[in-house]
Amino acid sequence: MKRIGIIGCGHIGTVHAYALSQLTKAGLIDWEIDSLFDTDAARAAKVAKYNGGTPRASLDEALDHCDVAWVCTWTDGHLDAVAASVERGLPIFCEKPLAPNFTECLQLQALLRQVPHQVGLVLRWAPVFEAIATAVRSGKYGEAQAAIFRDDQFFPIQGMYGSTWRADVALAGGGTLIEHSIHDVDLLRWILGDPVEIAGRTSNRFGHSGIDDIATVQMVYPNGAQATLVSVWHQVLSRGSGRRLEVFCEGAYLHTTDDYLGPLTVETSDAKTEVVFDAPEWASMLDVPEVYEKAIAQYAHPNKAFLDGLDSQGGPVCGTPHVDDALEAHRIVEVAYRSAASGGQPLPFDVA
Ligand SMILES: NC(=O)c1ccc[n+]([C@@H]2O[C@H](COP(=O)([O-])OP(=O)(O)OC[C@H]3O[C@@H](n4cnc5c(N)ncnc54)[C@H](O)[C@@H]3O)[C@@H](O)[C@H]2O)c1
């Protein structure tokens, strides 16, 4: 079996390790976790205990024992782990956001382009968003006119998040816009294309310096369409993460409040339909408690696709999304932050 190395064994490293070990156990991938490394050795040991593999004493030791690297450190740690993996020619699954600042994002782009890779913007694998992107981009409902995306989450240094780095701008790069809503920015770009103009406003109510807990972004597209993103970190602890996306085309209103299987409601002049999508058929082979089924399928799906791609092509292939797409999402975030710093002045997309 080919060997997986997990670099960073916190919240998302644990989720990936669990999803990957379940895929291995079900015989759905010919890969297994071999090595785990975290600067907090206890975390690597804990993930190894439940998902297999050997905790390693250093990044180098872990990378020397693997055929693919899963980079799951907090955001500021991605660059070093990716650089060391690229040096060894390893394929890389790199978590989002790429890096805390746009300069480092460009460095990560240059590195990841050298190896097979996939970025952890996993919502591109959600059937409900794929259906919206396919329908809107096909033009079957006429031109897109407007999108409204609301993303909210409790401030993630509590609850299921066992760490506090998201309150540290040096490690996270910013707050809810870059850390959480980079997913939404990527989805909007996937559905509507590149904007021509971006305006952003950010606020900080909880007092963590440089960490926006409210962000709004207005985007204007070449055909005059407009999108608004509202991203909030609040203190409603029952709301771990919620997304609501509405898209108006000339001939249809599309709407969902779920970020994986829907339902997706599509209303036209003639009919109103509601579609619930299926998880991949193989997901039923995973031995996962019901309460975790959705979350694990959400990650197992892109993970399996990346490894299947490596197996089937063996050469310099890439998963979805490619770092070039991730970089463009970062460019939008960067322009939105620059706009916010200037009081919300609209700026051209290509300014960064
Ligand atoms: N794709 C998604 O849906 C998703 C979801 C959650 C988090 N993330 C991203 O994953 C990353 C990690 O987030 P998290 O919630 O798991 O944080 P976390 O704090 O739970 O885990 C991060 C781990 O990285 C370790 N670490 C830090 N620097 C390291 C280094 N140089 N080498 C090895 N280990 C190191 C820390 O000790 C910690 O255990 C962030 O970039 C975050 O944005 C992505």
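The legends below describe close-up views of a predicted model of a protein chain with a bound ligand.

**View 1. The two domains of the protein chain.** The chain is split into domain 1 (2-122 + 285-318) and domain 2 (124-279 + 328-351). Their centres, taken over C-alpha atoms, are 25 Å apart. At the contact between them, 22 residues of domain 1 meet 23 residues of domain 2.

**View 2. The ligand between domain 1 and domain 2.** Residues from both domain 1 and domain 2 contribute to the shell around the ligand, so the ligand lies between the two. The shell holds 24 residues, and the closest are His11, Ile12, Asp38, Ser163 and Tyr299. Sorted by class, seven residues of the shell are nonpolar, 10 are polar and seven are charged.

**View 3. Polar contacts of the ligand with Thr39, Lys96 and Trp165.** Thr39 places a backbone N or O atom 3.4 Å from a nitrogen atom of the ligand. Lys96 also takes part through its backbone, with an N or O atom 3.0 Å from an oxygen atom of the ligand. Trp165 instead uses its side chain, where an N or O atom is 2.9 Å from an oxygen atom of the ligand. On its own the ligand has 850 Å² of accessible area, and the protein covers 91% of this.

**View 4. Packing of helix 6 against helix 9.** Two packed helices are described by the angle between their axes and by the distance between those axes. For helix 6 (residues 127-138) and helix 9 (residues 182-192), the angle is about 35 degrees and the axes are 8 Å apart. Helix 6 supplies Phe129, Glu130, Ile132, Ala133, Val136 and Arg137 to the contact. From helix 9 come Leu187, Arg189, Trp190, Ile191 and Leu192. Of the residues in this contact, eight are nonpolar and three are charged, with no polar ones.

**View 5. The cis peptide bond between Gly262 and Pro263.** Most peptide bonds are trans. The bond that joins Gly262 to Pro263 is cis, with omega at about 15 degrees. Pro263 sits in the loop that runs between strand 12 (252-256) and strand 13 (264-267).

**View 6. The cis peptide bond between Thr320 and Pro321.** Thr320 and Pro321 are linked by a cis peptide bond, and omega is about -5 degrees. The loop that contains Pro321 is between helix 10 (293-313) and helix 11 (323-341).

Definitions and conventions
Residues numbered from 1 in each chain as written. Predicted model: local features only at pLDDT ≥ 70, side-chain atom pairs only at ≥ 80, totals over all residues. Heavy atoms only, no water. Axes fitted to C-alpha atoms, helices over the stretch in contact; angles between N-to-C directions. Helix = DSSP H or I, 4+ residues; strand = E, 2+ residues; numbered from the N terminus. Contact = heavy atoms within 4.5 Å. Nonpolar A, V, L, I, M, F, W, Y, C, P; charged D, E, K, R; others polar. Near = heavy atom within 4 Å. Polar contact = N/O pair within 3.5 Å; in protein donor to acceptor, adjacent residues only side chain to side chain. Areas by Shrake-Rupley, 256 points an atom, 1.4 Å probe, with all protein chains shown as cover. Domains from an automatic or database assignment.
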